[in-house]
2 protein chains.
Amino acid sequence: MSNSDKKEDAQVIFNISKEKNFPDWYGEICRVAELADIRYGVKGFTPFPPWSYMTMDIMFNVLETVLKRKRHLPMLFPTVIPESNLMKEAQHVEGFSPQVFWIKEIGDGEKLEEPLALRPTSETAIYPMYSLWIRSWRDMPLKRYQRCSIFRSEVKSTRPFLRGREFLWIESHNVFATHDEAIAQVMEDIEITKDVVMGDYGVPVLIFKRTQWDKFPGGLNTYAADTMMPDGKVIQLPSTHDLGDNFARAFDVKFLNEQNETVYAWQTCYGPAVSRIFGAMISIHGDDKGLRLPFKLSPYQVVIVPILKDKDADDVLKYCRKIESTLNKAGFRVHLDDCDATPGWKYNYWEMKGVPLRIEAGPRDIKKNTAVVFRRDTMKRATVDLKELKKRVASLGVDIDQTLRSQAETKLEDLVVDAEREGEIADILEKRKIARTPFCTTEMEGLACAEELKDRVGGEIRGTRMDIEEVPEGICPFCGKVAKEIVYIARSY
Amino acid sequence: MSNSDKKEDAQVIFNISKEKNFPDWYGEICRVAELADIRYGVKGFTPFPPWSYMTMDIMFNVLETVLKRKRHLPMLFPTVIPESNLMKEAQHVEGFSPQVFWIKEIGDGEKLEEPLALRPTSETAIYPMYSLWIRSWRDMPLKRYQRCSIFRSEVKSTRPFLRGREFLWIESHNVFATHDEAIAQVMEDIEITKDVVMGDYGVPVLIFKRTQWDKFPGGLNTYAADTMMPDGKVIQLPSTHDLGDNFARAFDVKFLNEQNETVYAWQTCYGPAVSRIFGAMISIHGDDKGLRLPFKLSPYQVVIVPILKDKDADDVLKYCRKIESTLNKAGFRVHLDDCDATPGWKYNYWEMKGVPLRIEAGPRDIKKNTAVVFRRDTMKRATVDLKELKKRVASLGVDIDQTLRSQAETKLEDLVVDAEREGEIADILEKRKIARTPFCTTEMEGLACAEELKDRVGGEIRGTRMDIEEVPEGICPFCGKVAKEIVYIARSY
C-alpha cells in the first residue's frame with residue numbers, strides 16, 4: 001500500500017515455490033505483501049496492516065450477512081471474564097486454563113479483588129447472562145453472536161493468522177428449548193461453513209464429527225471443518241459444538257416450558273476464526289508469484305495502471321479516471337495506481353498483492369476506446385471494449401472465484417487416499433496426504449488406538465465425515481476389532 | 001428484542017422524566033431497552049446486547065465510510081502493549097499509567113518475561129511500527145485507523161457507555177512530512193466530527209481548543225468536541241491531537257526528506273469513542289417515553305405492527321409481509337413484529353426502544369390499499385397510500401433526523417450564557433448551563449486561575465472555541481489581568 005521507493009525496491013518481484021518451501025513462502029508473503037508484521041515484539045501478537053485487515057473485514061461481512069439472514073443478532077460481551085465464571089464448568093476450565101492470560105493488577109500495583117481472564121472463548125462470560133435473560137420458552141430460540149478478539153497463550157511456535165495468541169473470530173452462542181433444535185442449529189452451522197468457507201472464500205473443507213477425546217471441553221459433540229495446507233498438515237477451520245445441557249446446568253440456564261415446568265435449556269456454539277481462515281485462504285490460493293485473492297474478498301478487486309507517455313499523460317490519466325469512476329459506480333472496489341513508478345513495477349507489485357483484475361490503458365486504448373484486462377489467477381490478458389468493461393469485470397470476477405475454488409477442491413480431493421494397515425497410513429502421511437481408514441470406534445474406547453497411531457505414525461484422527469455418508473467395512477488397523485467407523489487421519493497444525 | 005411474556009410485562013410502558021431525574025432515566029432505559037446489562041459482575045464492564053450493539057455498529061460504519069473517503073485505511077494492532085513501549089514517552093506514561101490493566105501471568109502461574117498492558121490508547125503500540133514502516137517522504141501522508149476496544153481503569157463510579165472501563169472507539173493515527181500538513185489533518189478531523197457527530201448522529205457539539213493543562217499527555221495541542229448532557233454536565237466527544245514531533249522523537253519515526261536529510265515526522269491522532277457518543281446520543285434525543293433513535297442509526301428503521309382480527313389474520317399478515325418486502329428491497333431496515341402480543345403492547349415496546357417509524361396495517365387498510373405511519377419523534381400518525389409508502393418512509397426518515405438534530409441544537413445554543421464575574425459563573429453552572437467568560441490565558445500561566453475556579457465554583461475550563469471566531473474583551477474574573485481569550489466553563493463528566 002506504500003509507494004515508497006517503488007522503483008528501487010526489487011523485492012516486489014516475488015518468486016518462491018509454495019509447494020517446495022511453504023514455510024518460507026508463507027513468512028515472506030506475510031512480510032512483502034504487508035499482511036502481518038512479526039516485529040511487534042510480543043510472541044504471537046502481530047499488527048495487521050490494511051491489506052490483511054481489509055480482506056478479513058470483508059470476510060467478516062460476508063459471514064455476518066449470512067448469520068443475520070439465519071436470524072442471529074450481533075452483540076458484544078466484555079473482553080475480560082471473572083475467574084469465578086471460568087471455574088464453573090470443570091472440563092471447560094481444565095481445557096482452557098493453561099492458555100489463559102490473567103489480569104490481577106491495575107495502575108501502579110493495585111491488586112484486583114478478583115483476577116480477570118482475557119477471554120479464551122466466551123461461554124463463561126455469556127452464559128451467566130443468558131441465565132438472567134432466559135425465563136420462558138418464548139425467549140427461545142435465542143441466537144446471538146459476537147465478532148471479537150480471542151486470547152490463548154499458545155505454547156507451540158506461533159505464525160501470523162495460523163497460530164497466534166490473539167486471533168479474530170465470530171462466536172455464535174445459541175439457546176434452544178429442545179435438544180433436537182440444538183442439533184438442527186449445529187447442522188445449520190455446518191451449512192453456513194459450506195456456503196461461506198467453501199463457497200465465498202473458496203477454501204475446500206472436509207467436515208468431521210470429532211472423536212470423543214477431541215471435542216470441545218464440556219460439550220457433548222464437536223463438528224469441525226478441516227482443510228489441507230500446502231505443507232501437508234490439516235488445519236481446523238470453523239467448529240460447532242452441541243453443548244447438550246451441560247453448560248445450562250453449570251450456569252443455571254433454565255426456563256419455564258409450555259407445560260409450566262422449569263427445565264434446563266440446550267445450547268450450541270459455533271466459532272469461525274476468521275483470521276485463521278484468512279491464513280489458510282491465502283496459503284491455498286496463493287502461487288509462486290504471491291497472493292491470489294478471490295474477487296469477492298480482495299480489498300481492491302480491480303487495479304488500474306495507466307500507461308503514461310509524456311505527451312499523452314494527461315489524456316491517459318483522464319481516461320483511467322473515467323474507467324475508475326464507471327467501475328466504482330457499478331459497485332466494484334477499484335484502485336487507480338497513479339504513483340510515479342513504472343507500469344512494470346506496478347504489475348509486479350499488484351500481482352504479488354493478489355489483486356484479481358488489472359486494467360491497463362494507454363494512448364492506443366484511448367483511440368480504440370478499449371482497455372487491456374489482466375486476470376491474476378491465469379495471468380492472461382484480453383482487450384476489452386470500454387462499453388463492455390463493466391459486464392466483463394463482473395463476469396471475470398465470478399469466473400476467477402470459480403477457478404480458484406475448483407483448483408483448490410480438486411487438489412483436496414486428490415489428497416484423500418484409502419489405507420487399511422498402519423504401514424500404508426504412514427506412507428500416506430509421509431506423502432503429505434490424508435489417510436481414509438476403518439477404525440474401531442471414535443467413542444472413548446478408541447482412544448488407546450488413537451494414541452498408538454500418534455506414537456508410532458505421528459498422525460491424528462480427525463473424525464468421521466459429516467458431509468457424506470460412509471459405510472464402515474474392515475477392521476481397525478491398531479486393535480484388530482471390527483471397524484465401527486471410517487476415519488480420516490492426517491498430520492495437523 | 002425478546003418476546004417473552006410480553007402481555008404480562010408492564011415495564012414496557014416507560015415513563016420517567018429525563019430532565020427532572022436523568023440518572024434514573026438513564027439507568028432504566030439501559031435496562032428496559034436492553035442496551036447494557038450491569039449485572040455482569042465486573043465494575044465498568046458491561047455486555048452490549050443487540051439493540052445497542054447494532055446501533056453502535058451502524059454508527060461505526062457511518063464514521064468509517066467518511067474516514068475511508070478521506071483516504072484513511074483500516075488496520076488492527078494487538079490488544080496488548082509491552083511495558084517498555086509504554087515507558088518511552090514520559091508525559092504519556094504519566095498520563096495513562098494509573099489507569100492501566102496489567103497482564104503479568106499466564107496459565108497456572110507462569111510469569112511473563114515482560115508485563116503487557118491492555119491498550120489504554122495505542123500510540124505506544126503503533127508508533128514503534130511506524131518507525132519501521134516509514135523511510136521516505138514518499139511513505140506519507142500515512143493515514144491509518146483502527147476500530148477496537150480500549151481499557152482504562154476509571155476510578156470514579158462507572159455508567160454504561162458514558163464511563164466504562166472498556167469502551168469502543170476508532171483511533172486514527174497519521175504521519176506527515178510537515179507540521180502544516182499535520183495541522184491540516186487536525187482541521188479535517190474537526191470537520192469529520194461536525195459532519196458525522198453533529199450531522200449523522202444529530203448530536204450538537206461545541207468545538208474547543210483545550211487549555212495547555214488539559215491536553216493529551218505528550219502532545220502539543222488538543223482539540224475536542226463537547227456536548228451537554230441532560231444533567232447539566234458537558235461530556236467530551238471526539239478529540240484530535242496535534243502531537244508535533246514529540247512522539248516521533250520518542251519512537252524514532254524518522255524519514256528521508258526530498259533534500260535527502262533524515263528528519264523527524266509530524267503526527268496526529270483522532271479518537272472518536274463511539275460507545276460514549278452512543279451514550280450521549282441516546283441521552284440527548286431520548287424523551288420521557290424512552291429512546292428516540294435517528295432514522296439513520298436505528299437497527300430497525302421501521303417496525304410493522306399487523307392489526308390482526310381473527311377472521312382476517314392471514315390476509316393482514318400477508319399484506320404486512322408485502323409491505324415488509326417492499327421496504328426491504330428499497331434498502332430500509334424493517335422488522336415485522338408478528339409475535340402474539342397485542343398491538344398496544346407492541347406500540348409501547350417499540351416506542352420505548354426508539355424505532356423512528358411504525359407502520360400499522362389492518363383489514364380496513366387492505367380495502368383502501370393504505371397503511372398508518374406513526375413517527376416516534378413527534379408521536380404523530382398519518383394514513384399513507386401504499387403506492388406512496390416507499391417515498392414517504394424516505395422523506396419522513398430525513399425529516400425525523402432533521403427534527404431531532406435541530407431540537408438538540410436549539411437546546412445547546414440556549415445553554416451558553418455570558419458571564420464576567422465569578423458569582424455569575426457560579427449562578428450559570430448552578431442552573432446547569434455553560435458560562436462564556438473572558439479569561440487571562442489558556443497557556444500554562446492560566447492554570448492558577450483555573451484551579452481557583454475549580455476550587456470555588458466547581459467548574460472546568462473547556463477551552464477556546466475552534467468552530468467560531470471570538471474576540472476577547474474584558475478582564476479575567478480570577479486574576480484581573482486583561483483577558484487574552486474567551487473560554488467556556490461548565491461542570492463535566
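Let me begin with a distance: in chain A, the centres of domain 2 and domain 3, taken over C-alpha atoms, are separated by 51 Å. I should say at once that this is a predicted model, and everything that follows should be heard in that light. The domain assignment of chain A places domain 1 at residues 14-285, domain 2 at 302-397 and domain 3 at 415-492.

Next, how the two chains are arranged. Chain B can be laid on chain A with an RMSD of 0.0 Å, by a turn of 180° together with a shift of 0.0 Å along the axis, and the two copies are thus related as by a two-fold rotation axis. In chain B, the C-alpha nearest that axis belongs to B:Ile103, at 2.3 Å from the axis.

That brings me to the contact itself, to which chain A and chain B each give 50 residues. On the side of chain B that touches chain A, the elements giving two or more residues are helix H2 (50-69), strand E1 (73-74), strand E2 (80-82), strand E3 (101-106), helix H5 (123-133) and strand E5 (142-151) of chain B. Of these, E3(B) gives the most, with 6 residues. By residue class, this side of chain B divides into 27 nonpolar, 11 polar and 12 charged residues. As for which surface each copy uses, 100% of the interface residues of chain B are also interface residues in chain A, so the copies meet through the same surface.

Let me stay with E3 for a moment. Strand E3 of chain A, residues 101-106, pairs with E3(B) in the antiparallel sense over 5 bridges, and within E3(B) it is B:Glu105 that stands opposite A:Trp102.

Now to helix H5 of chain A, residues 123-133: is it enclosed or open? Here 9 of its 11 residues are buried, so the helix is largely enclosed by the rest of the structure. The buried residues of H5(A) are A:Glu123, A:Thr124, A:Ala125, A:Ile126, A:Tyr127, A:Pro128, A:Met129, A:Tyr130 and A:Trp133.

Finally, the interior. The largest nonpolar core has 298 residues, and those touching the most other members are A:Val203, A:Ile277, B:Val203 and B:Ile277. What does A:Val203 touch, once residues up to four places away in sequence are left out? Its contacts are A:Val197, A:Met198, A:Thr227, A:Leu237, A:Ile277, A:Ala280, A:Met281, A:Ile284 and A:Ala408. A:Ile277 therefore appears twice in this account, as a member of that core touching the most others and as a contact of A:Val203.

Key:
Residues are numbered from 1 along each chain as its sequence is written. Chains are lettered from A and ligands numbered from 1 in the order in which they are written. This is a predicted model: local features need pLDDT of at least 70, side-chain atom pairs count only at pLDDT 80 or more; totals for chains, interfaces and linings use all residues. Two residues are in contact if their C-beta atoms, placed from the backbone, lie within 7 Å. Helices (H or I, at least four residues) and strands (E, at least two) are DSSP runs, numbered from the N terminus. Ala, Val, Leu, Ile, Met, Phe, Trp, Tyr, Cys and Pro count as nonpolar, Asp, Glu, Lys and Arg as charged, and the others, Gly among them, as polar. Two strands pair if DSSP finds at least two bridges between them. A nonpolar core is a set of buried Ala, Val, Leu, Ile, Met, Phe, Trp, Tyr and Cys residues joined through C-beta atoms within 7 Å. A residue is buried if 20 or more other C-beta atoms lie within 10 Å of its own, exposed if 12 or fewer, and partly exposed in between; C-beta atoms are placed from the backbone. Domain bounds come from an automatic or database domain assignment. Copies are superposed by least squares on the C-alpha atoms of residues with pLDDT of at least 70 in both.
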